[in-house]
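Here is a walk through one protein chain, strand by strand and loop by loop. Keep the structure open while you read.

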Amino acid sequence: MQQTQNLGLNKPEYPDVVDIEDLNENMDIIDGKLGTTGHNHNGTAGNGPKISGANIVAPRTDQTQDIGTAKELRWQNYGNNHTIVDASAGAYPGGNANAQSAWTPSCPTLIGYNGVNTYGVRVDSARVADTASAVQWSGISGIPSTFAPNNHTHDDRYYTETEISNLLAAKAPLTSPAFTNTPTAPTAAAGTNSTQIATTAFVKTAVSGAASIVASGTGENYYWRKWSNGDMEIWGTITGTLGSMGTHTSGVTITFPVQFQTACKNVIISQPDWKGENAYIWRVLKNSKSIAGFSVAEDRWDNKGAGNPASADYYAFGN
Ligand SMILES: [Fe+2]
């Protein structure tokens with residue numbers, strides 16, 4: 001006896017004697033599948049035929065045919081995990097329903113989202129989105145009327161590469177710049193002590209309070225100079241013969257090449273490097289200094305060497 005392909009119902013043939021058991025068996029199978037237990041449409045024995053996309057014919061105007069929110073329809077073109085989802089209830093398979101946020105799920109999904117943020121449809125990883133080949137230039141807003149070719153020039157509102165290179169070449173580097181002509185810089189406040197640049201104005205102010213030489217003179221064995229603050233210096237050489245400078249109480253007077261204005265404050269004698277019988281010391285006599293000169297007295301080695309030539313240098317300071 002033959003049986004039906006899907007539910008295995010008995011099919012008595014013409015020569016067969018109709019057995020009431022065969023009919024009851026059929027009834028039980030049908031009751032079992034369509035009754036309380038239900039059945040699947042997965043194409044396996046005892047179940048209904050497999051339902052594919054081609055079997056789904058849902059009129060757009062028939063609300064009863066709607067797919068529930070968060071239910072996925074496989075997206076045939078792109079294989080496993082590529083589905084279409086109604087995410088209007090904010091439920092979606094591990095994805096991001098906000099098209100303005102980064103899109104990172106492993107299953108690119110076509111979503112018509114109508115939650116807090118409504119962004120129509122976002123298609124992720126759709127192959128047509130990989131290129132703009134299908135987008136007409138004229139269909140894009142906020143763009144120039146034509147697209148600039150690879151090689152193009154600009155009008156004189158813009159610098160050319162050559163102009164920029166020339167301008168940069170005229171700039172001093174930050175490291176060890178070598179300025180030419182007349183570089184300037186802000187003048188630091190007087191008294192500034194830092195790494196700031198000192199301009200000539202800063203330097204002039206800084207040195208304006210310092211004394212400068214206002215007069216000087218020189219001749220055989222002497223030099224003198226006078227400072228702007230009134231100080232005066234005189235260098236000179238004393239010459240004579242041993243025994244000619246008198247005793248430590250008398251001495252002889254040395255006349256300055258020029259006179260101090262007010263007073264000679266100090267005189268220092270550079271003692272010569274003589275020794276033995278020619279050794280001697282010339283000393284400035286106490287209270288002998290005047291604006292015109294000073295007096296020198298002599299001490300000698302055992303009073304020997306009289307008549308030998310002798311000399312010493314002196315420095316006098318005053319005002
Ligand atoms: Fe350009």
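## A hairpin to start with

Strand S8, residues 222-227, pairs with S9 in the antiparallel sense, and five bridges hold the pairing. Look across the ladder and you'll find Tyr-223 opposite Trp-235 in S9. The two strands make a hairpin with four residues between them. In that turn sits Gly-230, whose phi is positive at about 100 degrees.

S9 has another partner as well: it runs antiparallel to S14, and 10 bridges join the two. Here Gly-236 is the residue facing Tyr-314 in S14.

## What sort of model this is

Everything here comes from a predicted model. The protein chain has three helices and 14 strands. Of its 319 residues, 11% count as buried. Take the contacts between residues at least 6 apart in sequence: 45% of them join residues at least 24 apart.

How confident is the predictor? Mean pLDDT for the protein chain is 80, with 75% of residues at 70 or more. Among the elements, the hairpin strand S8 has the highest mean pLDDT, 97, while strand S6 (residues 118-122) has the lowest, 44. Two stretches call for some care when you read the picture. Residues 102-109 have pLDDT below 50, and beyond near neighbours in sequence the model gives this stretch 22 contacts. Residues 112-130 also stay under 50, with 28 contacts in the model beyond four places in sequence.

## The largest nonpolar core

Which residues touch the most other members of the largest nonpolar core? They are Ile-234, Cys-264, Val-267, Val-296 and Ala-316, out of 18 residues in that core. Strands S9 (232-241), S11 (264-270), S12 (280-284), S13 (293-300) and S14 (309-318) each put in at least two residues. S14 gives the most, with three.

Ala-316 is a good place to zoom in. Leaving out residues up to four places away in sequence, Ala-316 touches Ile-234, Phe-256, Cys-264 and Val-267. As a general backdrop, nonpolar side chains in soluble globular proteins tend to be buried together.

## A three-stranded open sheet

There's also an open sheet of three strands, in the order S10-S13-S12, with antiparallel pairing. Its edges are S10 (252-255) and S12, each of which pairs on one side only. Ignoring direction, neighbouring strands in this sheet are turned by 35 degrees against each other on average.

Zoom in on S12 and S13 and you'll see them running antiparallel, joined by five bridges. Across that pairing, Trp-282 stands opposite Glu-298 in S13.

## Two of the helices

Helix H1 covers residues 20-34, which makes 15 residues. From first C-alpha to last it reaches 21 Å, close to the 21 Å expected at 1.5 Å a residue. Is H1 buried or in the open? The number of buried residues among its 15 is zero, so H1 lies largely in the open.

Helix H3 (residues 200-207) is home to Phe-202. This phenylalanine has 19 other C-beta atoms within 10 Å; a residue needs 20 or more to count as buried, so Phe-202 is classed as partly exposed. Leaving aside neighbours within four places in sequence, Phe-202 is in contact with Thr-187 and Ala-188. Pro-186 lies 16 residues from Phe-202 along the chain, and their C-alpha atoms are separated by 9.4 Å.

## Two positive phi values in loops

Most residues other than glycine have a negative phi. Two residues in this chain are worth a look with that in mind. Ser-176 is not a glycine, yet its phi is positive, at about 50 degrees. You'll find Ser-176 in the loop between helix H2 (161-169) and H3. Ser-176 has 6 other C-beta atoms within 10 Å, so it counts as exposed.

The other is Asn-221, again a residue other than glycine, with a positive phi near 65 degrees. Asn-221 is in the loop between S7 (213-219) and S8, which leads back to the hairpin. Is this residue as open as the serine? Asn-221 has 13 C-beta neighbours inside 10 Å and so counts as partly exposed.

Key
Residues are numbered from 1 along each chain as its sequence is written. A nonpolar core is a set of buried Ala, Val, Leu, Ile, Met, Phe, Trp, Tyr and Cys residues joined through C-beta atoms within 7 Å. A residue is buried if 20 or more other C-beta atoms lie within 10 Å of its own, exposed if 12 or fewer, and partly exposed in between; C-beta atoms are placed from the backbone. Two residues are in contact if their C-beta atoms, placed from the backbone, lie within 7 Å. The expected span of a helix is 1.5 Å times one less than its number of residues. Two strands pair if DSSP finds at least two bridges between them. pLDDT is the predictor's confidence in each residue, from 0 to 100. Axes are lines fitted to C-alpha atoms, for helices over the stretch in contact, and angles run from 0 to 180 degrees between N-to-C directions.
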